[in-house]
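Visitor: I should like to learn how the features of a protein model are read. Please take them one at a time, giving the general idea and then the case at hand.

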Amino acid sequence: MAGSAEMASLEESFRKFAIYGDTKATGQEMNGKNWAKLCKDCKVIDGKSITGTDVDIVFSKVKGKTARVINYEEFKKALEELAPKRFKDKSKEEAYEAICQLVAGKEPINVGVTKAKNVGAVERLTDTSKYTGSHKERFDETGKGKGKSGRENIVDNSGYVSAYKNAGTYDAKVKK
C-alpha cells in the first residue's frame, strides 16, 4: 500500500474534487459528476482501457443501493476496481499504487471557462464617447455616468426663469 503522506494527499484530492462546483458540499461525499471529473482530470480515463462508461459503472458498483454519493472509503474501493483495468501489466497492489499516484495531489482543472470580451458591435455600443443626442447628456467627458441628473431634468425651484442671466441679483439691487 501507499505511504501515509501519499494517502493524505489522495484524501486531499478527494476533498477538492468533492466540493468542486457545489457551494453546499462539505468534502465528505462525492457525486458521480465529480467522480467522472476526477477520473478525467487525473488521466485515469485513457480512452482505451478505461472509458467514461467504465468510470460510471464502477461508481454505481461501489456506492450504496439508494445512495447518490460515495464517501472516501468507497472512493478507495472504486480506485481499486479501476486499477487493474488501467495498469494491466502490473500486479493488483502495484496497479493500485500507480492509480493513487495519478490522483494524489491533483485538483480540479477549469477548462473551457468562458471569458467575456468586447469585440465588434459590443465595443462600439459601450463606448460613451460615440454617444449622441439625449444619451450623450447622461455621461460626463470621462465616460462616467452622471446618475439621476443625467436621466431626468432636475427642476430649478429658485423662482427664476430657466437660463435667466441675472439670477440672484435682485437683493443686491433693492438694498442699494
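Visitor: Which residues of the largest nonpolar core touch the most other members?

Guide: In soluble globular proteins, nonpolar side chains tend to be buried together. A nonpolar core is here a set of buried Ala, Val, Leu, Ile, Met, Phe, Trp, Tyr and Cys residues joined through side-chain atoms within 4.5 Å; buried means under 20% relative accessible area, exposed over 50%, and partly exposed in between, with a 1.4 Å probe and protein chains only. The largest such core has 31 residues, of which Trp35, Leu38, Val44, Phe75, Leu82 and Ile99 touch the most other members. At least two residues of this core come from each of α1, α2, α3, α4 and α5, and α5 gives the largest share, 7 residues. Helices are DSSP runs of H or I with at least four residues, strands are runs of E with at least two, and both are numbered from the N terminus.

Visitor: On what basis are such values obtained?

Guide: This is a predicted model, in which local features need pLDDT of at least 70 and side-chain atom pairs count only at pLDDT 80 or more, whereas totals for chains, interfaces and linings use all residues. Residues are numbered from 1 along each chain as its sequence is written, and side-chain values use heavy atoms, with hydrogens and water left out.

Visitor: Which residues does Phe75 touch, leaving aside those up to four places away in sequence?

Guide: A contact means heavy atoms within 4.5 Å. With that exclusion, Phe75 touches Leu10, Phe14, Trp35, Leu38, Ile70 and Val103. Phe75 counts as buried, at 0% relative accessibility.

Visitor: How many aromatic pairs are there?

Guide: Rings of Phe, Tyr and Trp (its six-membered ring) pair if their centres lie within 6.5 Å; planes under 30 degrees apart count as stacked, over 60 as edge-to-face and the rest as tilted. By this rule there are 4 aromatic pairs. One of them joins Phe14 and Phe75, a tilted pair with 4.9 Å from centre to centre and 45° between the planes. This pair links distant parts of the chain, since Phe14 belongs to helix α1 (residues 4–19) and Phe75 to helix α4 (residues 72–86), 61 residues apart. Phe14 is buried, its relative accessible area being 0%. Phe14, Trp35, Tyr72 and Phe75 form one aromatic cluster.

Visitor: Which charged residue has its charged end over the ring of Phe87, 5.1 Å from its centre?

Guide: A charge sits over a ring if NZ of Lys or CZ of Arg is within 6 Å of the ring centre and within 35 degrees of the ring normal. Lys90 places its charged end over the ring of Phe87 at 5.1 Å from the centre. Arg86 also lies over the face of Phe87, at 5.1 Å from the ring centre.

Visitor: How many salt bridges does the structure hold?

Guide: Side chains of opposite charge can pair when their charged atoms come close. The criterion is a side-chain nitrogen of Lys or Arg within 4 Å of a carboxyl oxygen of Asp or Glu. The structure holds 7 salt bridges. Among them is the one between Glu107 and Lys16, with 2.8 Å from N to O. Glu107 lies in the loop between α5 (92–103) and α6 (121–126) and Lys16 in helix α1, so this pair ties together parts that are 91 residues apart in sequence. Both partners are partly exposed, Glu107 at 47% relative accessibility and Lys16 at 28%.

Visitor: What is the salt-bridge partner of Arg86?

Guide: The partner is Asp46, with the closest N and O atoms 3.9 Å apart. Arg86 is in helix α4 and Asp46 in the loop between α2 (32–41) and α3 (52–62), 40 residues apart, so the pair links distant parts of the chain. Asp46 counts as partly exposed, at 30% relative accessibility.

Visitor: Where in the chain do Lys76 and Glu73 lie?

Guide: Lys76 and Glu73 are 3 residues apart in helix α4, and are therefore separated by about one helical turn. The two form a salt bridge whose closest N and O atoms are 3.8 Å apart.

Visitor: How many helices and strands are in the chain, and what is its radius of gyration?

Guide: The chain has 9 helices and 2 strands. The radius of gyration is taken over C-alpha atoms, and the globule rule is 2.2 Å times the number of residues to the power 0.38. The chain has a radius of gyration of 33 Å, well over the 16 Å that the rule gives for 176 residues, so the chain is more spread out than a compact globule. Its C-alpha atoms fill a box of roughly 110 × 35 × 35 Å along the principal axes.
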